[in-house]
Amino acid sequence: MKAVIYDEIGAAPVVRDVPDPVAPEGGVVVSVRATGLCRSDWHAWVGHDEIRLPHVPGHELAGVVSAVGEGVEDWSVGDRVTVPFVEGCGACEWCRSGNAQVCPSQEQPGFTHWGSFAESVALHAADTNLVAVPDEVSFEAAAALGCRFATAWRALTDRAQVRAGEWVTVVGAGGVGLSCVMIGKALGAKVIAVDRNHEALAAAKAVGADITLATDASAVPGLVHELTSGGSHVSVDAVGTEETCADSILSLRRRGRHVQIGLLPPVGGHPRVPMSRVIAWELDLLGSHGMAAVDYRAMMARIASGDLRPESLIERVVGLEEAATLLPTMDRAVVSGITMIDPARPRSPKAMDAVVTECQR
């Protein structure tokens, strides 16, 4: 099969033929119909995560089961499926309690094993991790769920427990930030989206943001406090830098809830967090690391009904060749939505010209 692969950390990804995956015991092979290009894939490529080389990235996916391993009971060839980016083992106390997203023996496609920037991908513990995709939900919409959208859903509904009428500030209007905006509005919240990219803020407005702020980082907390008469009830760092984390925390009102979604890798030392404010104002700091398959039902029902539209967050669809070129640019790309990869999409000279232009920005 064809796959995007790189042989060394930071080396240029290429598309080449690699061996077809084999279904592991208890797992399946999925023929990939759509997979998302995420900043987390860039973190692995640049060396912020431990991976085995050579490596195939990709962790947001949807497709059709093409092979079933020994011991799988709930899934058959031909089933339409997606999967959380965290594959729980299915046997530990965390998985048994419905919290596979923090399984200590977890697997992650595109990190602990080869991922979905390929024509097929092997997935583990299928009966614990696979999620059925209804016919009325597109593969592209389902692929958008596995990392960014599902993480945003759980961050707001379970971790922060957002209530109707509350103010929610989302720092960063990329794929996960836009997901937070859409979900926050669906929950009845008033949402402020913060980003330096005007195109991203326009996208946030289109999916429901009540207020958009494009401003210098030092001014964000003060403006939010002014606009909300004392600060947001909930804030989300959807980027993952020391500055965006601080902005999010400092934008809260007293006893507010901060959710950290954006990764904060310890590059140049662990990031500083304004803990004096956390203590004095009794703020809650919450992490959100994906969502277990058992929790997908309510979210999927709202997608199937049209109440939530993750497919509207997709900015473009590219093929494997374009994805290989785009991956190294994720830290500086100006993208106002999700980039989706279709492994069957032929290479387009016109699309590649656009990719090269973006890479030169």
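These legends describe several close-up views of one predicted model.

Residues are numbered from 1 along each chain as its sequence is written. Local features need pLDDT of at least 70, and side-chain atom pairs count only at pLDDT 80 or more, while side-chain values use heavy atoms and leave out hydrogens and water.

**View 1. S179 sits in helix α6 (residues 175-186).** Helices (H or I, at least four residues) and strands (E, at least two) are DSSP runs, numbered from the N terminus. S179 counts as buried because its relative accessibility is 0%. Buried means under 20% relative accessible area, exposed over 50%, and partly exposed in between (1.4 Å probe, protein chains only). The side chain of S179 reaches the backbone oxygen of G175 at 2.8 Å. Leaving aside residues up to four places away in sequence, S179 touches R148, F149, A152 and L313. Contact here means heavy atoms within 4.5 Å.

**View 2. Strand β9 (residues 190-194) is mostly covered.** Of its 5 residues, 4 are buried. Strand β8 (residues 167-171) runs parallel to β9, joined by 5 bridges. Two strands pair if DSSP finds at least two bridges between them. W167 has its bridge partner, K190, in β9. Strand β10 (residues 211-213) also runs parallel to β9, with 3 bridges. Here A193 has T212 of β10 as its bridge partner.

**View 3. Helices link these strands in β-α-β units.** β8, α6 and β9 make a right-handed unit. β9, helix α7 (residues 198-206) and β10 make a right-handed unit too. Right-handed means that, with the strands pointing away from the viewer, the path from the first strand over the helix to the second runs clockwise.

**View 4. Arginines lie over aromatic rings.** R80 lies over the face of F139, at 4.3 Å from the ring centre. The charged end of R277 sits over the ring of W281, 4.1 Å from its centre. A charge sits over a ring if NZ of Lys or CZ of Arg is within 6 Å of the ring centre and within 35 degrees of the ring normal.

**View 5. Backbone details appear in loops.** The peptide bond from L53 to P54 is cis, with omega near -5°. P54 belongs to the loop between α1 (39-46) and β4 (60-68). Q161, in the loop between α5 (145-159) and β8, has a positive phi near 50°. S229 has a positive phi near 55°. Its loop runs between α8 (220-228) and β11 (232-237). S229 counts as exposed because its relative accessibility is 68%.

Conventions: Polar contact = N/O pair within 3.5 Å; in protein donor to acceptor, adjacent residues only side chain to side chain.
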